[in-house]
Amino acid sequence: MSLVTQGNLAKFMIVDQGIGISHEDQERIFDRFYRTDDARTHAKKGTGLGLAICAWIAESHHGHIEVQSEPNKGSTFTVILPLAPPAS
């Protein structure tokens, strides 16, 4: 995990070394109830709501989430949020 600021933005990055996400799935992973085929084969079952809720929270704060991933190489999720203006 890391946090950096760029101009008036905060960027919080989470990097893993997991199974990665195919390019086709990256376009849908923030959709409610969407689960990749790889996610369905694991023993623990999920609802496909986690990333949709994260995206909704980021958007509620005028930000967004980006993903960069390659199968078998892991993923980087970046939450980008505007910084609050300085108090006067």
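**Reading strands and rings**

Trainee: In which sense do S1 and strand S2 pair, and over how many bridges?

Mentor: S1 and S2 (residues 9-16) pair in the antiparallel sense, over five bridges. Two strands pair if DSSP finds at least two bridges between them. Strands (E, at least two residues) and helices (H or I, at least four) are DSSP runs numbered from the N terminus. In this pair, Val-4 sits opposite Lys-11 in S2. Two residues separate the strands of this hairpin, and Gly-7 in the turn has a positive phi of about 60 degrees.

Before we go on: this is a predicted model, so local features need pLDDT of at least 70 and side-chain atom pairs count only at pLDDT 80 or more, while totals for chains, interfaces and linings use all residues. Residues are numbered from 1 along each chain as its sequence is written, and side-chain values use heavy atoms, without hydrogens and water.

Trainee: What order do the strands of the sheet have?

Mentor: Read across the open sheet of four strands and you get S1-S2-S4-S3, with antiparallel pairing. Strand S1 (2-6) and strand S3 (64-70) stand at the edges with a single partner strand each, so one side of each has no neighbour in the sheet. On average, neighbouring strands are turned by 20 degrees against each other, direction ignored.

Trainee: Which strands does helix H3 lie across?

Mentor: For angles, fit lines to C-alpha atoms (for helices, over the stretch in contact, meaning heavy atoms within 4.5 Å) and take 0 to 180 degrees between N-to-C directions. Here helix H3 (residues 50-60) lies across S3 and S4, at about 140 degrees to S3. S3 and S4 themselves run antiparallel, joined by seven bridges, and Val-67 stands opposite Phe-77 in S4.

Trainee: Phe-77 again! Which residue forms an aromatic pair with Phe-77?

Mentor: First the rule: rings of Phe, Tyr and Trp (its six-membered ring) pair if their centres lie within 6.5 Å; planes under 30 degrees apart are stacked, over 60 edge-to-face, the rest tilted. That gives one aromatic pair here. Phe-30 and Phe-77 meet edge-to-face, 6.4 Å centre to centre with 80 degrees between the planes. Phe-30 is in the loop between helix H1 (23-26) and helix H2 (37-41), and Phe-77 is in strand S4 (residues 74-82), so the pair ties together parts 47 residues apart in sequence.

Trainee: Is Phe-77 buried or exposed?

Mentor: Buried means under 20% relative accessible area, exposed over 50%, and partly exposed in between (1.4 Å probe, protein chains only). Phe-77 is buried at 15%, whereas Phe-30 is partly exposed at 22%.
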